[in-house]
Amino acid sequence: MWLYDPMLHRHIPPMAVRDIAQIGDPVLERVALPVADPTAPEIRALVADMAGSMEAAGGIGIAAPQIGVSLRVVLFFLPADRDEAGQGVALTVLVNPMIEALDDDMSVEFEGCLSVPDARGEVPRAQRIRYRGATPDGEIIERIAEGWHARVVQHECDHLDGILYPERMDEDDEMLDMAEWRARNATAPEPEQA
Ligand code: NI
């Protein structure tokens, strides 16, 4: 049953925590389908399940294929301590997202994925992007992002094209299991999974 939220003036679907697909699952290798109507109630319910599953797994981002639904929907947020601007980014839903790099600058950082367990890998990503997507409220979000904000959006959009971060790594980029990562980074916060 959907609950009515008097503050938001809308019905909120119940959140379910779903299993997160792991590397090797064919749903992670598929190109996801565009969503015909971003405002459809099914999309709102899907987003609620994605949020619940992401939260339960401790991630900062998730794409619909990671809970077994091959549609072009992502959500993410950025904690303030992960944001070079120090502000963080509020939970953002993008339906049918598009991204473009603003220049040729790349950065390499260790990142993690909820679908690639017990590992962190160095991944080159565009440093500055513009992204755009619809929301389940029927609005269009268009933003310029850089650094970790740009990184998490690129990571999520890759999931929609069947790409996991190890495929983005160059030959000299390192992949570490968590024991190795912690041994080398005694005090640094672990890169979040998305
Ligand atoms: Ni991921």
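Over the ring of which residue does the charged end of Arg151 sit? That ring belongs to Trp148, and the charged end of Arg151 is 5.7 Å from its centre. Keep in mind that you're looking at a predicted model. Here's a quick tour of a nickel site, a pair of aromatic rings and the charges around that Trp.

**The nickel site**
- Cys113 (SG), His155 (NE2), His159 (NE2) and Ala194 (O) coordinate the nickel ion, at 2.1 to 2.3 Å.
- If you scan the sequence for these donor residues, the spacing to look for is C-x41-H-x3-H-x34-A.
- The angles among the 4 donor atoms run from 99 to 136°, and the site counts as irregular. The cut-off explains why: four donors count as tetrahedral if all angles lie between 85 and 135 degrees.
- Two of the donor residues, His155 and His159, share helix H2 (residues 147-160), where they sit 4 residues apart, or about one turn of the helix.
- Both of these histidines, His155 and His159, are buried.

**The aromatic pair**
- The count of aromatic pairs comes to 1.
- Phe76 and Tyr131 make up that pair, meeting edge-to-face with 6.1 Å centre to centre and 80° between the planes.
- Phe76 is in strand S4 (residues 73-78) and Tyr131 is in strand S8 (residues 128-134), so the pair ties together parts that are 55 residues apart in sequence.
- As for exposure, Phe76 and Tyr131 are both buried.

**Charges over Trp148**
- Arg82 has its charged end over the ring of Trp148, 4.5 Å from the ring's centre.
- Back to the opening question: the charged end of Arg151 also sits over the Trp148 ring, at 5.7 Å from the centre.

Methods
Residues numbered from 1 in each chain as written. Predicted model: local features only at pLDDT ≥ 70, side-chain atom pairs only at ≥ 80, totals over all residues. Heavy atoms only, no water. Donors = N, O, S within 2.8 Å, 3.2 Å for Na, K, Ca; no water. Tetrahedral: all angles 85-135°; square planar, octahedral: opposite > 155°, others 65-115°. Buried < 20%, exposed > 50% of the residue type's maximum accessible area, 1.4 Å probe, protein only. Phe/Tyr/Trp six-rings, centres within 6.5 Å; stacked < 30°, edge-to-face > 60°. Lys NZ or Arg CZ within 6 Å of the ring centre and 35° of its normal.
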